[in-house]
Amino acid sequence: MKFVPSVILAVVIAATGILANGDHHDHHDDHNPLGLETCGCVAERLDFRIDCDNLAVVQEAFDFLEENDCDQGDACTTNADCERNFFITESHHDYCLHSDLTPEINSGVHKYENKCVNCFVRRRFNPDIEMCPSRDCTNITIVEDAIDYLEDNCKDNCTSSTCEEAYQTLRYFHDVCAVQVENIPSEVQKELHHFENVCEDQECRTATEEFDPNECKSSAASSVAALALTFATVVMSLLF
């Protein structure tokens with residue numbers, strides 16, 4: 001069975017390659033085409049959990065932002081405590097339902113979004129609202145037109161059917177298209193946050209089932225690759 005060591009060696013090399021690719025993907029899989037790190041990976045990196053039932057943690061984080069002027073100058077990008085507390089506040093704001101958080105947090109977080117580095121997470125599964133109508137993610141003009149319409153017609157009132165259609169298009173591109181295609185306009189994140197309060201009653205969902213917002217997929221892939229490499233190395237040591 002002389003071919004066995006060669007086969008195992010090939011497994012070792014392949015596993016090593018997976019690990020190398022995993023390190024490479026840390027710069028891609030953890031980011032979506034909006035250029036943002038996923039909130040799950042941020043939570044793992046900064047040691048917090050996204051949990052809509054733990055409002056006290058979110059309130060404490062938001063209070064820190066308010067009490068320490070984290071929206072002033074470059075505080076949110078140079079002060080690690082401002083950065084961490086913004087990520088806690090933003091990730092919960094983006095993932096949790098508006099009813100999960102206080103009105104103060106839902107509206108107050110927006111003044112920090114242009115001052116701080118953002119992360120990406122889809123809104124949590126909500127069976128009580130309708131699914132967002134499907135859109136062609138390759139047709140960027142659709143979302144650009146939707147943003148223009150919202151800006152021109154829906155800033156104060158989102159109750160018309162055309163405002164609803166435009167907002168739901170924006171939601172779909174943010175939650176679905178942003179993880180499928182590469183050329184999503186950066187304005188999608190900002191504009192969704194700008195209109196999600198006034199268009200709250202026009203909200204739709206993109207999740208078809210519950211999902212874990214704390215999952216950092218690339219780290220899981222790296223763990224699998226590491227396990228494969230360890231297994232192959234042990235087998236090699238037993239054969240030689």
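Among contacts in the protein chain between residues at least 6 apart in sequence, what share joins residues at least 24 apart? In this predicted model, the figure comes out at 82%. The chain itself is built from 11 helices and two strands. Read from the N terminus, the elements go α-β-α-α-α-α-α-α-β-α-α-α-α. Of the 240 residues, 45% are buried. About 12500 Å² of the protein chain is exposed, with carbon and sulfur atoms supplying 52% of that area.

Now for the inside. Nonpolar side chains tend to be buried together in soluble globular proteins. Here, the largest nonpolar core holds 27 residues, and the members that touch the most others are Val42, Phe48, Ile50, Phe86, Phe87, Tyr95 and Tyr112. Helix H2 (39-46), helix H3 (55-67), helix H4 (75-78) and helix H5 (80-95) each give two or more residues to this core. H5 provides the largest share, five residues. Take Val42 as a case: once its neighbours within four places in sequence are set aside, Val42 is in contact with Glu37, Phe48, Phe87 and Cys119. Another core, of 24 residues, lies apart from the largest one, and its members include Ala166, Leu170, Cys177 and Cys204.

Two aspartates stand out for their backbone angles. Most residues other than glycine have a negative phi. Asp47, in the loop between H2 and H3, has a positive phi near 60 degrees. Asp47 counts as exposed because its relative accessibility is 64%, and the cut-off for that label is over 50%. Asp69 sits in the loop between H3 and H4 and also has a positive phi, of about 50 degrees, although it is not a glycine. With a relative accessibility of 46%, Asp69 is classed as partly exposed.

Next come the empty spaces. Rolling a probe the size of a water molecule over the atoms shows where empty space is left. The structure has one cavity of 30 Å³ or more, and the largest cavity encloses about 50 Å³. Its lining is made up of Leu97, Arg123, Arg124, Asn126, Ile129, Asp175, Glu203, Cys204, Arg205, Thr206 and Ala207. Sorted by class, that gives four nonpolar, two polar and five charged residues. One of these lining residues, Cys204, is also a member of the 24-residue core.

The second largest pocket has a volume of about 280 Å³. It is lined by 13 residues, and those closest to its centre are Glu113, Asn114, Asn118, Gln189 and Lys190. Helix H7 (110-113) and helix H10 (187-195) each put at least two residues into this lining, with H10 giving the most, five residues. By class, the lining of the second largest pocket has three nonpolar, seven polar and three charged residues.

Finally, what does Glu130 contact, leaving aside its neighbours within four places in sequence? The partners are Glu164, Gln168, Cys204 and Arg205. Two of them, Cys204 and Arg205, belong to the lining of the largest cavity. Glu130 itself is in the loop between strand E2 (119-120) and helix H8 (140-153), and it counts as partly exposed because its relative accessibility is 47%. Glu130 and Gln202 are 72 residues apart in sequence, yet their C-alpha atoms are 9.6 Å apart in space.

Key:
Residues numbered from 1 in each chain as written. Predicted model: local features only at pLDDT ≥ 70, side-chain atom pairs only at ≥ 80, totals over all residues. Heavy atoms only, no water. Core = buried A, V, L, I, M, F, W, Y, C linked by side-chain atoms within 4.5 Å. Buried < 20%, exposed > 50% of the residue type's maximum accessible area, 1.4 Å probe, protein only. Helix = DSSP H or I, 4+ residues; strand = E, 2+ residues; numbered from the N terminus. Contact = heavy atoms within 4.5 Å. Areas by Shrake-Rupley, 256 points an atom, 1.4 Å probe, with all protein chains shown as cover. 1 Å grid on protein atoms, 1.4 Å probe; cavity = no way out; pocket = protein on both sides within 12 Å on 5 of 7 lines; lining within 4 Å. Points joined across faces, edges and corners; volume = space filled by probe spheres on them. Nonpolar A, V, L, I, M, F, W, Y, C, P; charged D, E, K, R; others polar.
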